[in-house]
Amino acid sequence: MMQHLIVFPVVLPLVAGILLLYQRQGLVRYKRAVSVAATVLLLLVAIGLLRQAASDQVTYYALGDWQAPFGIVLVLDRLSALMLLVTAVLAVGAVVFACAGDDEKGSNFHGLFQWQLLGINGAFLTGDLFNLFVFFEVLLLASYALLLHGGGKARIQASVHYVVLNLAGSSLFLIAVGILYGATGTLNMADMAIRVAELPAEREGLVTAGALMLLVVFGLKAAILPLYFWLPKAYASAPAPVAALFAIMTKVGIYAILRVYSLLFGDSAGGLEALEQPWVWWLSLATLAAAGVGVMAARDLRLLVAYLVLVSVGTLLAGIGMRSPQAVSALLYYLIHTTLVTGGLFLLAEMIGLQRGKAGTRLVKGRPMAQGAGLAMLFFIGAIAVAGVPPFSGAIGKALMLNAAEGTQRLWLWPLLLLTSLASLIALSRAGSTLFWRSHRGNISGTPLPRRQWFGVIWLLSAAPLLVALAGPVSSYTQATADQLANPQVLIRTLLPNAAGDAQ
Amino acid sequence: MELLYAMTTGVLTACGLYLTLRGRTFPVVVGLTLLSYAVNLFLFSMGGLTTDGPAIVSEGTNYADPLPQALVLTAIVIGFAMTAFVVILAMRARSEVGNDHVDGKKEDRE
């Protein structure tokens, strides 16, 4: 049983999704129960896997008992376990929020939601490059349908861009995988790492081309500067629980960059070592700057949060660009914080919009909110956390990032990161004062918000104080994760006990 | 054969790319389809082009790499589903927005 635990995060949402396909309409209570139960179970599985990974052992699950490098393997190390847990925590908040009524605005919400989880979890676990492509497609297909959930002009418009861009990205992904397969003769990432280390010089150009093309694809998912223009519109127009779940989607891109490049182009890669590093570093800084401008310019709360996602992408990529275990550790801490808090803010924006009636989430004078005090309190916590002001987790995350920068990196990162934080702070305080203080005089109307929505938001935003309280254990876990990533030999030796001896 | 193959893939990619960059949804969909055909051909060639070789390891040294064929099959299935989806999406966009420009804008050229 325990040895099959690794495959659970993939099988569980798959089965739940199939069950939830039964009858397109109706059976609302039953569907909600199944979906929430499956998500909570996923959370428990993720906790179990995290405990398993915390023993510093890399474990793997060979599907159909076909051993690597010939079969597809699911690999569990500290990084994938952490990502699984963050996904599951986020999903619980989003799915409970959706049960307040968002799931009934279209058909098959819960089934698609589970399949989105299937794709995300699979992408975090797989140890095979082509399989990564397949899971990317699974999560994208589900996300296309979820983005359209509920319909409406804005959503369809944003969807067209999102779908077309990602289809082009998929083609590019396949070309890159093809090139890498042609040059190295394998698709298993651990095996590829060995082959890259022993690569004949005349094939280096080919591998470089493939690797950088892969960076474009992952950059599209992660929303790096020249490839992010789809994001604000798509996230701002998505239904709230979907937008919250999408907070992890950009992190799938970040994860893929971290995983593929630390494994394939680590210390042993010779001339190809760190070939992505200058690209990631400079583009991350540019992303930060652009996102800072976007945050200031946003005239809608949801758009503002979408740009805050971009700020976090820039910050996280800068961590990858620094390429030191300390920076990776800092970025992982920041990743947990930013995923959960921005997810919570998307949900909160929806609640604020519901209470303000016609004004919605636009940052204009609106009618006063019936439950304004509670919402303002939550907004305050979320804003402080995401802008990186003490005492919440954003401050620790950003301090760790700043601390990890060395030498000339500081010269670039410190001003940019601090200025974008300032921009977020200004934009958020402006948004908050408009939303909560500058309202029309008049009688307060509007129905009270469902308790499930409150639960979803509080569940996600409570990450901010919790991550501070548990900063010690969390950062020691991320530190160990970063060390494990910096030393990919362990993973390679576990997967390929025979071949790794030759590479030494 | 290699030259012909490479030229076919190249021309398909170029056409696909050109059409994808057009402003209307229909050429974009056709362009994406062409692009996925080009990618399938490209993937297929990545195991090396072999004539008259069986697709499994057998007696003798001349055999075709079976893996790209499996990859292409997967890519075809996924590409097919995606094309179906994007066609429906384009039609819905046409009916909801009222025109078939990818940005939903009224045609301002004519």
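This is a short talk on how two chains meet in one structure, and on a few spots inside it.

Okay, thanks everyone. One thing up front: this is a predicted model.

Let's start with the interface. On one side, 28 residues of chain A are in contact, and they meet 29 residues of chain B. People often describe an interface by the accessible area that is lost when the parts come together. Here, about 2600 Å² is buried between chain A and chain B, and carbon and sulfur atoms give 82% of that. So what about charge pairs across the boundary, how many salt bridges are there between chain A and chain B? Zero. For polar contacts between the two chains, the count is four residue pairs, both partners being at pLDDT 80 or more.

Which parts of chain A do the touching? Helices α5 (129-147) and α6 (153-184) of chain A each supply at least two residues to the side that touches chain B. The largest share is from α6(A), with 17 residues. By residue type, that side of chain A splits into 18 nonpolar, eight polar and two charged.

Now, the holes. Roll a probe the size of a water molecule over the atoms, and you see where empty space is left. Searching the whole structure turns up six cavities of 30 Å³ or more. The largest has a volume of about 170 Å³. And which residues lie nearest the centre of that largest cavity? From chain A, you have A:L167 and A:S171, and from chain B, B:S36, B:G79 and B:M82, out of 16 lining residues. The elements giving two or more residues to this lining are α5 and α6 of chain A, together with α2 (25-45) and α3 (66-97) of chain B. If you sort the lining by type, you get eight nonpolar, seven polar and one charged.

The second largest cavity holds about 110 Å³ of space. It is lined by 15 residues, and the closest to its centre are A:K31, A:D103, A:E104, A:N108 and A:F109. Helices α2 (28-53) and α4 (109-125) of chain A each contribute at least two lining residues here. This lining divides into three nonpolar, seven polar and five charged.

Keep A:D103 in mind for a second. Side chains of opposite charge can pair when their charged atoms come close. A:D103 forms a salt bridge with A:R32, and the closest N and O atoms are 2.8 Å apart. That pair links distant parts of the chain: A:D103 is in the loop between α3 (78-98) and α4 of chain A, while A:R32 is in helix α2, 71 residues apart. Over all chains, the salt bridge count comes to eight.

Last bit: two backbone details to look at on screen. Is the peptide bond from A:P390 to A:P391 cis or trans? It's cis, with omega near 15 degrees. You'll find A:P391 in the loop between α15 (372-387) and α16 (393-404) of chain A. The other one is A:D56, which has a positive phi of about 70 degrees although it is not a glycine. A:D56 is in the loop between α2 and β1 (59-62) of chain A.

That's it from me, happy to go back to any of these on the screen.

Conventions: Residues numbered from 1 in each chain as written. Chains lettered and ligands numbered in written order. Heavy atoms only, no water. Contact = heavy atoms within 4.5 Å. Buried area = accessible area lost by both parts, 1.4 Å probe. Salt bridge = Lys/Arg side-chain N within 4 Å of Asp/Glu carboxyl O. Polar contact = N/O pair within 3.5 Å; in protein donor to acceptor, adjacent residues only side chain to side chain. Helix = DSSP H or I, 4+ residues; strand = E, 2+ residues; numbered from the N terminus. Nonpolar A, V, L, I, M, F, W, Y, C, P; charged D, E, K, R; others polar. 1 Å grid on protein atoms, 1.4 Å probe; cavity = no way out; pocket = protein on both sides within 12 Å on 5 of 7 lines; lining within 4 Å. Points joined across faces, edges and corners; volume = space filled by probe spheres on them.
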